[in-house]
Amino acid sequence: MPASPPRSFTARARGLVRDEALERAAELLVAGGWRGLRLQDVADGIGVSRQTLYNEFASKQGLAAALVLRRTEEFLAGLEAALEGEDDLYLAWAGAVRTTLDTVARDPLLKALITGQGAEELLPLLTSEAEPLVAAARDRAAAFLLRRRADLDPATAAAAAEIAARLTISHVVLPLHAPEDVADQIATTVVRYLARA
């Protein structure tokens, strides 16, 4: 009986399959929308069995959730860079919101994921089931606040960050104002909230 591969190799191979599957799923989703995305097409595109994808993601919705979280991490990294790039708290928040809005506008997959255009079944991941996305944005932004203001209570920092995340997501889903106005409104809200702390 052949020996099992080392765990590090197995974990690395699994990570590569996951990465390739998410990249292929993103391509298919942009090209054909949610209804055109099939696990079999993803599996064929990366040279694995459909069962392998089911083992990794459990379902098409599980694949979608993983894709949402991955894209979230990518644009949260940009948001974090924008926050860290300014000393002034208002300017930092305005820049972070504007970066997020600009990133979504340039990325057809992010736009589909967040607005639901071409991916209607994904919209609940960002509305009634948005907890992972909101939590990730909140945690990154709260960590930034605590680095800048060591006197802040962690619960206050988390609340301010969550307010900003929810308002930004709401604008992406249903834009009513120009991005620069939204950035100003959210930054002002956060700074005023923190001024009361």
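What share of the contacts in the protein with a separation of 6 or more comes from residues 24 or more positions apart? The answer is 66%. Keep that in mind as we walk through the model, which is a predicted one.

Start with the layout. The protein has 9 helices and 0 strands, so reading from the N terminus you simply get α-α-α-α-α-α-α-α-α under the usual assignment of helices and strands. There are 197 residues, and 39% of them are buried. About 10,500 Å² is exposed, with carbon and sulfur atoms supplying 54% of that area.

Now for the inside. In soluble globular proteins, nonpolar side chains tend to be buried together. Here the largest nonpolar core has 33 residues, and the members that touch the most others are Leu 83, Trp 93, Phe 144, Leu 145, Val 190 and Leu 194. Two or more residues each come from helix 4 (60–84), helix 5 (89–106), helix 7 (131–148), helix 8 (154–173) and helix 9 (179–195). Helix 5 gives the largest share, with 8 residues. Apart from this core lies another one, of 19 residues, including Leu 29, Trp 34, Leu 39 and Leu 53.

Let's zoom in on a few members of the larger set. Once you set aside neighbours within four places in sequence, Val 190 is in contact with Trp 93, Ala 160 and Ala 164. Leu 194 sits in helix 9 and is buried, at 1% relative accessibility. With residues up to four places away left out, Leu 194 touches Leu 89, Leu 145, Arg 149, Leu 152, Thr 156 and Ala 160. Take the last of those: Ala 160 is 34 residues from Leu 194 along the chain, yet their C-alpha atoms are separated by 7.1 Å. Thr 156, for its part, belongs to helix 8 and has a relative accessible area of 17%, so it is buried. On the same terms of counting, Thr 156 touches Tyr 193, Leu 194 and Ala 197.

Trp 93 also brings us to the aromatic rings. A pair of aromatic rings is described by the distance of the centres and the angle of the planes. The count for this model comes to 1 aromatic pair. Trp 93 and Phe 144 make it, 6.4 Å centre to centre with 80° between the planes, which is edge-to-face. The partners come from distant parts of the chain, Trp 93 from helix 5 and Phe 144 from helix 7, 51 residues apart. Both are buried: Trp 93 has a relative accessible area of 3%, and Phe 144 has 0%.

Helix 3 shows how burial can follow one side of a helix. An α-helix has 3.6 residues a turn, so residues three or four places apart point the same way. In helix 3 (residues 50–57), the buried residues include Leu 53, Glu 56 and Phe 57. These cover an arc of only 75° around the axis, so they lie on the same side of helix 3. Just after that helix comes a small backbone oddity. Most residues other than glycine have a negative phi, and most peptide bonds are trans. Ala 58 has a positive phi of about 75°. This residue is in the loop between helix 3 and helix 4, and with a relative accessible area of 59% Ala 58 is exposed.

Finally, the charges. Side chains of opposite charge can pair when their charged atoms come close. The structure holds 15 salt bridges. One of them joins Glu 23 and Arg 70 at 3.2 Å, N to O. Because Glu 23 is in helix 1 (residues 7–32) and Arg 70 in helix 4, this pair ties together parts 47 residues apart in sequence. Glu 23 is partly exposed, at 35% relative accessibility. Another salt bridge, at 3.5 Å, N to O, links Glu 80 with Arg 140. Glu 80 lies in helix 4 and Arg 140 in helix 7, so here the tied parts are 60 residues apart in sequence. Glu 80 is partly exposed as well, with a relative accessible area of 24%. A network of salt bridges links Glu 80, Glu 84, Arg 140, Arg 147 and Arg 148. Asp 151 and Arg 149 also meet in a salt bridge, at 3.2 Å, N to O; Asp 151 is exposed, at 60%, while Arg 149 is partly exposed, at 23%.

Notes:
Residues are numbered from 1 along each chain as its sequence is written. This is a predicted model: local features need pLDDT of at least 70, side-chain atom pairs count only at pLDDT 80 or more; totals for chains, interfaces and linings use all residues. Side-chain values use heavy atoms; hydrogens and water are left out. A nonpolar core is a set of buried Ala, Val, Leu, Ile, Met, Phe, Trp, Tyr and Cys residues joined through side-chain atoms within 4.5 Å. Buried means under 20% relative accessible area, exposed over 50%, partly exposed in between (1.4 Å probe, protein chains only). Helices (H or I, at least four residues) and strands (E, at least two) are DSSP runs, numbered from the N terminus. Contact means heavy atoms within 4.5 Å. Accessible areas come from the Shrake-Rupley method with a 1.4 Å probe; for residues, only the protein chains shown count as cover. The arc is that of the directions from the helix axis to the C-beta atoms. Rings of Phe, Tyr and Trp (its six-membered ring) pair if their centres lie within 6.5 Å; planes under 30 degrees apart count as stacked, over 60 as edge-to-face and the rest as tilted. A salt bridge is a side-chain nitrogen of Lys or Arg within 4 Å of a carboxyl oxygen of Asp or Glu.
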